[in-house]
Amino acid sequence: MKPRETRVPWRGWALALLWTCSPVLAADFQAGVARVKITPPTPFWMSGYAARTHPSEGVEQELWAKALALRDPGGHPVVLVTTDLIGLPRAISDEVAARVEARFRVERRQLVLSASHTHCGPAVRKNLAVLYDFSEDDRRRVDAYGAELVDRLVEVVGRALADLAPARLSVGHGAVGFAVNRREPTPAGVKIGVYPAGPVDHDVPVLKVTGKDGSLRAVLFGYACHNTTLGGDFYRIGGDYAGYAQAELEKAHPGATALFMTLCGGDQNPDPRGTLDLAVRHGGALAAEVGRVLSATLTPVRPPIRTALEVVSLDFAPHTRAVFEEEAKSPDVFRQRRARLMLAAYDAEKPVRQTPYPVQAVRFGRDLTLLALGGEPVVDYALRLKREFPGESLVVAGYCHDVMCYIPSRRVLQEGGYEAVDNTIYYGQPGPFTETVEDTIVAAVRRVTKAVGLEQGGASSAGGRP
Ligand SMILES: [Zn+2]
């Protein structure tokens with residue numbers, strides 16, 4: 001029972017004192033961590049920028065998949081996996097999840113698979129396939145990397161579960177200011193640029209995991225910003241600012257594992273950007289802020305762990321075959337490739353009308369809720385959901401489970417621009433969503449949060465089915 005729930009005042013005080021004075025007695029969770037290197041063999045085609053013309057030229061920084069396994073006293077687990085990758089396609093996540101469930105009895109709703117969205121990582125098969133015109137050999141190498149990636153992700157989950165040991169969890173929030181809204185209004189419409197007047201979310205949530213002896217075992221942190229400090233002219237493999245932030249924290253806390261999740265940063269870029277020095281500098285600023293939060297007084301996170309996952313359908317705006325017959329004649333090679341994909345779908349009598357979209361909630365007691373959303377959600381989602389759940393320590397992550405395209409809000413859809421329309425060319429999707437997209441996602445969020453005991457408007461329950 002939690003101190004604040006007790007009805008006997010002196011007993012509440014006694015428990016509160018025990019809590020403060022005795023970390024050994026307060027090990028409510030079991031935690032395990034593991035990491036595995038996922039740096040591709042180089043040279044390898046990189047992902048994120050359509051402008052790149054050749055494969056990588058060496059490794060600036062190793063890439064990692066890391067897993068944090070947590071289990072509450074009732075035996076309910078959650079495993080959070082972070083990767084220094086552009087994005088995981090559904091095909092890879094589904095395969096990993098099926099194997100994890102069969103081997104380790106961790107259900108799909110208890111597994112979070114996320115990507116940092118580094119633009120200096122490898123091409124991941126089926127993600128942003130329109131960017132490439134692979135040779136047979138390229139395709140074989142990308143497929144082989146994808147198959148190996150599945151093995152490595154299953155392995156890292158298994159090793160984190162095998163590492164479970166008593167742990168305490170606590171949460172805090174900081175802020176860092178290098179993310180800027182990139183949707184710049186111009187007379188010709190919204191362009192990717194720098195728009196300091198646009199919405200941002202500078203929140204830096206920090207989950208601290210300490211062992212029985214009080215030592216730091218893991219820190220999970222996030223930020224709503226693209227990992228695009230480095231541009232398409234950079235040809236060395238690396239993790240961008242998130243890679244440097246994680247490395248910096250691990251250097252400052254030997255033996256601890258630092259895990260990064262990208263939050264709702266679809267329309268957020270680092271500012272300034274363009275050089276390796278800046279990527280290191282932004283990573284350093286983020287690591288310093290996480291370090292400051294780690295050394296502050298944090299809020300204890302208590303059991304139980306509850307999880308819920310729903311896959312909803314998002315509707316694309318109506319289209320006809322003629323649209324893509326016309327687009328196939330475009331001088332733009334990326335439009336030609338998208339058109340070919342769409343015409344093939346029409347040929348198979350399965351025109352692409354919708355995409356599946358994962359919405360997941362992970363809640364720890366009444367202390368912390370993680371929403372793990374698919375795709376590249378714009379910052380409006382985090383800002384709206386934080387307003388709708390006041391008083392809750394809420395973390396809204398994007399880039400989880402399946403990165404199928406950008407996820408605009410209704411506002412961004414109405415304004416147009418890359419995050420609303422043009423990104424769908426590179427993602428091989430038919431075009432923009434209908435204006436129902438935001439309401440469909442928020443309705444699904446309300447259902448999964450309710451399933452984990454969090455009601456809209458701040459009311460909440462600690463009971464229910466874990
Ligand atoms: Zn992106």
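**A buried zinc site and its surroundings**

His117 is buried, with a relative accessible area of 1%. This histidine is a good place to enter the structure, which is a predicted model. His117 sits in the loop between S4 and H3, and its phi is near 70 degrees, a positive value in a residue other than glycine. The NE2 atom of His117 is one of the donors to the zinc ion.

The remaining donors to the zinc ion are His226, again through NE2, Glu376, which is listed twice through OE, and Tyr406 through OH. The coordinating distances run from 2.1 to 2.8 Å. Read along the chain, the donors follow the spacing H-x108-H-x149-E-x29-Y. The pair of His117 and Glu376 thereby links distant parts of the chain, 259 residues apart: His117 belongs to the loop between strand S4 (111-113) and H3, and Glu376 to strand S17 (residues 376-377). Both His117 and Glu376 are buried.

Attention turns next to the nonpolar interior. The largest nonpolar core holds 85 residues, and Leu111, Leu149, Tyr357 and Ile407 have the most contacts inside it. Helix H3 (residues 136-162) supplies the largest share of this core, with nine residues. Apart from this core lies another, of 29 residues, which includes Leu70, Val78, Ala167 and Ala224. Tyr357, one of the residues with the most contacts inside the largest core, offers a closer view of its packing. Once neighbours within four places in sequence are set aside, Tyr357 is in contact with Glu310, Val311, Val312 and Leu314, with Leu373, Gly374, Gly375 and Pro377, and with Met404, Ile407 and Ile441.

Helix H3 also packs against helix H2 (residues 90-104), at an angle of about 35 degrees and with the two axes 9 Å apart. The crossing in which H2 passes H3 is right-handed. On the H2 side, the contact is made by Ile92, Glu95, Val96, Arg99, Val100, Arg103 and Phe104. On the H3 side, it is made by Gly146, Leu149, Val150, Asp151, Leu153, Val154, Val157, Gly158 and Leu161. Sorted by class, the contact of H2 with H3 comprises ten nonpolar, two polar and four charged residues. Leu149 thus appears both in this helix contact and among the residues with the most contacts inside the largest core.

Leu149 also leads to Pro40: the C-alpha atoms of these two residues are separated by 9.5 Å, although they are 109 residues apart along the chain. Pro40 lies in the loop between strand S1 (29-37) and strand S2 (64-71). With a relative accessible area of 5%, Pro40 is buried. Not counting residues up to four places away in sequence, Pro40 touches Leu63, Pro122, Tyr145 and Ile237.

Several features of the backbone deserve a mention. The peptide bond from Asp271 to Pro272 is cis, with omega near 0 degrees, and Pro272 falls in the loop between strand S12 (268-270) and helix H5 (276-294). A cis bond with omega near 0 degrees is found from Pro303 to Pro304 as well. Here Pro304 occupies the loop between strand S13 (299-301) and strand S14 (305-315). A positive phi in a residue other than glycine, already noted for His117, occurs at Tyr399 too, where phi is near 60 degrees. Tyr399 is found in the loop between strand S18 (394-397) and strand S19 (406-407), and is buried, with a relative accessible area of 1%.

Two further positions, one buried and one exposed, complete the picture. Gly417 lies in the loop between helix H9 (410-415) and helix H10 (418-426). Because its relative accessibility is 18%, Gly417 counts as buried. Leaving out residues up to four places away in sequence, Gly417 touches Arg183, Val190 and Asp422. The C-alpha atoms of Gly417 and Glu184 are separated by 9.4 Å, with these positions 233 residues apart along the chain. Lys450, by contrast, counts as exposed because its relative accessibility is 52%. Lys450 is part of helix H11 (residues 437-451). Its C-alpha atom is separated by 9.2 Å from that of Ala361, and the two residues are 89 residues apart along the chain.

Key: Residues are numbered from 1 along each chain as its sequence is written. This is a predicted model: local features need pLDDT of at least 70, side-chain atom pairs count only at pLDDT 80 or more; totals for chains, interfaces and linings use all residues. Side-chain values use heavy atoms; hydrogens and water are left out. A nonpolar core is a set of buried Ala, Val, Leu, Ile, Met, Phe, Trp, Tyr and Cys residues joined through side-chain atoms within 4.5 Å. Buried means under 20% relative accessible area, exposed over 50%, partly exposed in between (1.4 Å probe, protein chains only). Helices (H or I, at least four residues) and strands (E, at least two) are DSSP runs, numbered from the N terminus. Contact means heavy atoms within 4.5 Å. Axes are lines fitted to C-alpha atoms, for helices over the stretch in contact, and angles run from 0 to 180 degrees between N-to-C directions. A crossing is left-handed if the near helix is turned anticlockwise from the far one by less than a right angle, and right-handed if clockwise. Ala, Val, Leu, Ile, Met, Phe, Trp, Tyr, Cys and Pro count as nonpolar, Asp, Glu, Lys and Arg as charged, and the others, Gly among them, as polar. Donors are N, O and S atoms within 2.8 Å of the metal (3.2 Å for Na, K and Ca); water is not among the atoms, so sites may look incomplete.
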